[in-house]
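Colleague: Before I use any labels from this model, I would like to hear the reasoning behind them. Please take me through them one at a time.

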Amino acid sequence: MPPMPHHAPIHVAKLGGSLLDFDDLPAQSARWCEADYHGRRVLVIGGGRPADAVRDADRRFGLDEEGAHWLAIEAMRLNMHLFLGVQPNVEKAFNRESLDD
């Protein structure tokens with residue numbers, strides 16, 4: 001995909017991690033990924049069940065706040081890789097700067 005001008009809009013959507021259990025995820029996410037938008041599309045994947053496990057461990061064991069935060073981020077990263085298994089042609093970006101590449 002060619003780089004977009006810096007003034008091009010960025011469309012951001014969040015996919016709740018629990019939707020990774022949705023049987024129609026491949027077809028529905030392909031429709032969104034292939035839709036004709038002017039500008040870049042960014043999809044943020046939620047933590048879903050892995051993030052729920054972090055919350056549960058925090059309630060049970062009292063994880064430190066920073067550690068629980070980074071575990072939740074890792075849950076989102078795990079779900080991103082699961083989503084890429086469903087939509088392997090989607091480019092991944094870890095920060096704003098990588099959207100400009």
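Modeller: Start with Asp56 and Arg60, whose side chains meet in a salt bridge at 3.7 Å, N to O. Bear in mind that this is a predicted model.

Colleague: Why is the contact of Asp56 and Arg60 called a salt bridge?

Modeller: The cut-off is within 4 Å, from a side-chain nitrogen of Lys or Arg to a carboxyl oxygen of Asp or Glu. Asp56 and Arg60 are at 3.7 Å, N to O, so the pair counts. Both residues lie in helix α2, four residues apart, about one turn of the helix.

Colleague: Are Asp56 and Arg60 buried or exposed?

Modeller: Exposed needs over 50% relative accessible area, and Arg60 has 58%, so Arg60 is exposed. Asp56 has 32%, which lies between the limits of 20% and 50%, so Asp56 is partly exposed.

Colleague: How many salt bridges are there by this rule?

Modeller: The count comes to four. Among them is the bridge of Asp52 with Arg55, where the closest N and O atoms are 2.5 Å apart. Asp52 and Arg55 are three residues apart in helix α2, separated by about one helical turn. Asp52 is partly exposed at 42% relative accessibility, and Arg55 is partly exposed at 46%.

Colleague: What makes Arg49 and Asp21 a salt bridge, and which parts does the pair tie together?

Modeller: Their closest N and O atoms are 2.6 Å apart, and the rule asks for within 4 Å, so Arg49 and Asp21 qualify. Arg49 lies in helix α2 (residues 48-61), while Asp21 lies in the loop between β1 (10-15) and α1 (25-34), so the pair ties together parts that are 28 residues apart in sequence. Arg49 is exposed, with a relative accessible area of 58%; Asp21 is partly exposed at 44%.

Colleague: Where does Arg41 lie with respect to Trp32?

Modeller: Arg41 lies over the face of Trp32, at 6.0 Å from the ring centre. The distance limit is within 6 Å, so 6.0 Å meets the distance part of the rule.

Colleague: How many aromatic pairs does a search of the whole structure find?

Modeller: Zero. A pair would need ring centres within 6.5 Å.

Colleague: How do you know which strands pair, and what unit do they belong to?

Modeller: Six bridges join β1 to strand β2 (residues 40-45). Pairing asks for at least two bridges, so β1 and β2 are paired. The two strands run parallel. Ile10, for one, has Arg40 as its bridge partner in β2. Together β1, α1 and β2 make a right-handed β-α-β unit.

Colleague: Why is Val42 called buried?

Modeller: Buried means under 20%, and Val42 is at 18% relative accessibility, so Val42 counts as buried. Val42 has its place in strand β2. From Val42 to Phe61 is 19 residues in sequence and 35 Å in space, C-alpha to C-alpha.

Colleague: What does the whole chain come to in secondary structure and burial?

Modeller: The chain has three helices and two strands, in the order β-α-β-α-α from the N terminus on. Of its 101 residues, 25% count as buried. The C-alpha trace spans about 45 × 30 × 15 Å along its principal axes. Among contacts between residues at least 6 apart in sequence, 76% join residues at least 24 apart.

Definitions and conventions. Residues are numbered from 1 along each chain as its sequence is written. This is a predicted model: local features need pLDDT of at least 70, side-chain atom pairs count only at pLDDT 80 or more; totals for chains, interfaces and linings use all residues. Side-chain values use heavy atoms; hydrogens and water are left out. Buried means under 20% relative accessible area, exposed over 50%, partly exposed in between (1.4 Å probe, protein chains only). Rings of Phe, Tyr and Trp (its six-membered ring) pair if their centres lie within 6.5 Å; planes under 30 degrees apart count as stacked, over 60 as edge-to-face and the rest as tilted. A charge sits over a ring if NZ of Lys or CZ of Arg is within 6 Å of the ring centre and within 35 degrees of the ring normal. A crossover is right-handed if, with the strands pointing away from the viewer, the path from the first strand over the helix to the second runs clockwise. Contact means heavy atoms within 4.5 Å.
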